Amino acid sequence: MKRDRVMADARIMNGRELASIVRKQIKAVISQANVRAPKLVVVLVGNHPASLTYVKAKERAGLEIGLNVELVHLSENITPIELKRVILAINHDSSVDGAIIQLPLPSHLQANECLNWLDPKKDVDGLSALNLGKLVNGDASGLLPCTPKGIVRILKHYQIETKGKLVTIIGRSTIVGRPLSILLSHSAWGGHATVTLAHSHSADLIHLCSQADILICAAGSAKLIRSEFIKPNATVIDVGIHKLADNTLCGDVDFASAKEQAGLITPVPGGVGPMTVAMLLQNCMLAWKRHFGLAIDDEEIL
Ligand code: NAD
């Protein structure tokens with residue numbers, strides 16, 4: 001079902017531009033507030049090279065918009081008890097509004113256990129059991145995971161209707177695919193979509209994808225998705241990030257092939273990645289607003 005040759009390439013959904021708008025809004029709110037600036041603590045265990053890059057990017061993005069950011073860089077060999085002590089100190093520090101524990105953690109530390117030590121009110125990655133439970137319950141008093149939240153924000157910004165649509169998400173991880181499948185299907189979050197959550201054991205991936213009005217790829221497999229996976233004019237969101245041998249970046253979608261078939265598509269870089277960082281900053285602002293009882297816009301929740 002290739003599109004007619006005269007049809008134009010897909011329209012690009014510019015996550016970098018949208019993230020910049022969101023950051024400016026947050027910066028304006030912080031600069032006009034009559035309480036202290038929000039503070040974000042980033043906990044990094046060990047020296048995982050990609051994590052170091054991500055942590056620096058988050059620190060830079062936070063400082064740029066007037067957030068107070070502290071990096072707590074801990075030894076690779078820290079014991080669970082020592083790490084718990086650090087997290088509990090963050091919980092008790094009233095000058096801290098938000099904190100994240102950069103993943104992945106070294107293999108002797110259980111990520112789920114560590115994430116649950118964090119005060120859910122400060123869990124700005126939205127990955128603690130309580131915040132994930134609130135997501136499932138449609139309870140807006142929690143904090144939502146940043147990548148799914150950023151993807152919903154992109155869809156809203158580009159006025160992509162999800163109600164009654166077929167959405168296929170490839171990848172069922174706790175940080176992307178699974179929470180996103182709940183957000184997009186839940187009535188409380190306004191998604192109302194019919195969601196297929198595909199994963200490495202799914203049969204006939206091409207069939208599952210080519211039915212979708214909205215295809216979201218978070219498999220972590222470079223250029224997995226080509227034009228034959230895409231329904232003509234579908235919306236394609238690419239979550240994957242891969243560094244190629246020539247040091248350029250690509251996503252889970254073969255962009256050159258997919259853009260001939262899709263109606264709208266996010267690029268890599270410049271799509272979901274910047275929105276994930278923007279949503280982290282927004283969650284931090286939200287935690288800070290709740291701490292000081294400041295007015296909250298619905299858009300800041302989702
Ligand atoms: P993960 O490895 O935890 O999960 C991958 C999921 O994809 C699994 O559920 C697996 O079953 C499924 N999968 C893998 N290969 C598949 C295949 N061939 N067919 C069908 N399903 C398949 O990954 P993750 O942490 O969710 O990340 C996924 C990708 O998104 C990675 O490239 C990661 O770097 C990227 N990522 C980007 C952002 C961002 O902000 N842009 C945020 C998080 C993750």
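## Two cis prolines

Pro104 sits in the loop between strand E4 (98–101) and helix H4 (111–117). Helices here are DSSP runs of H or I with at least four residues, strands are runs of E with at least two, and both are numbered from the N terminus. The peptide bond leading from Leu103 into Pro104 is cis, its omega near 0 degrees. There is a second one: Val268 to Pro269 is cis as well, again with omega near 0 degrees. Pro269 is in the loop between strand E11 (264–265) and H10.

A word on the model itself: it is predicted, so local features need a pLDDT of at least 70 and side-chain atom pairs count only at pLDDT 80 or more, while totals for chains, interfaces and linings use all residues. Residue numbers start from 1 along each chain as its sequence is written, and side-chain values use heavy atoms, leaving out hydrogens and water.

## Positive phi in the loops

Most residues other than glycine have a negative phi, and most peptide bonds are trans. Gln159 goes the other way, with a positive phi of about 50 degrees although it is no glycine. Gln159 is in the loop between H6 and E5, and it counts as exposed because its relative accessible area is 73%. (Buried means under 20% relative accessible area, exposed means over 50%, and partly exposed is in between, using a 1.4 Å probe and protein chains only.)

Lys223 has a positive phi too, near 55 degrees. Its place is the loop between strand E7 (214–217) and E8. At 40% relative accessibility, Lys223 is partly exposed.

## Thr162 and the cover over H7

Thr162 belongs to the loop between helix H6 (146–157) and strand E5 (166–170). It has just 9% relative accessibility, so it counts as buried. The side chain of Thr162 makes a 2.7 Å approach to the backbone oxygen of Gly191. Apart from neighbours within four places in sequence, the residues that Thr162 contacts (heavy atoms within 4.5 Å) include Leu155, Leu184, His192 and Ile214.

Leu184 also turns up among the buried residues of helix H7 (residues 177–185), alongside Gly177, Pro179, Leu180, Ser181 and Leu183. What covers them? The list includes helix H5 (129–137), H6, E5, strand E6 (194–198) and E7.

## Around the ligand

The ligand has 21 residues around it, and the closest are Arg172, Ser173, His199, Ser200 and Thr276. To be in that shell, a residue needs a heavy atom within 4 Å of the ligand. Helix H10 (residues 272–292) supplies the largest share of the shell, three residues.

Backbone atoms come into play here. A polar backbone atom of Arg172 is 2.9 Å from a ligand oxygen, one of Ala219 is at 3.5 Å from a ligand oxygen, and a backbone N or O atom of Ile241 is at 3.3 Å from one. On its own the ligand exposes 860 Å², and the protein buries 70% of that. (Those areas come from the Shrake-Rupley method with a 1.4 Å probe.)

Ile241 itself is in the loop between strand E8 (235–238) and strand E9 (242–243). With 44% relative accessibility, Ile241 is partly exposed. Together with Tyr54 and Leu249, Ile241 makes a nonpolar surface patch of about 270 Å². Patch residues have over 30% relative accessible area and no salt bridge; like charges are joined within 9 Å, and nonpolar side chains (Val, Leu, Ile, Met, Phe, Trp, Tyr) within 5 Å.

## Salt bridges

How many salt bridges does a search of the whole structure find? Eight, in total, where a salt bridge is a side-chain nitrogen of Lys or Arg within 4 Å of a carboxyl oxygen of Asp or Glu. One of them joins Glu70 to Lys39, with the closest N and O atoms 2.9 Å apart. This pair links distant parts of the chain, Glu70 being in strand E3 and Lys39 in strand E2 (residues 39–45), 31 residues apart. Glu70 is partly exposed at 34%, whereas Lys39 is buried at 12%.

Lys289 and Glu300 form another, with a closest N to O distance of 3.0 Å. Here helix H10 holds Lys289 and helix H11 (residues 298–301) holds Glu300, and the two are 11 residues apart. Both Lys289 and Glu300 are buried. Arg226 and Glu228 also pair up, at 2.9 Å between the closest N and O atoms; Arg226 is partly exposed at 32%, and Glu228 is partly exposed at 40%.

Key: A polar contact is a pair of N or O atoms within 3.5 Å; within protein, one must be able to donate a hydrogen and the other to accept it, and residues adjacent in sequence count only if both atoms are side-chain atoms.
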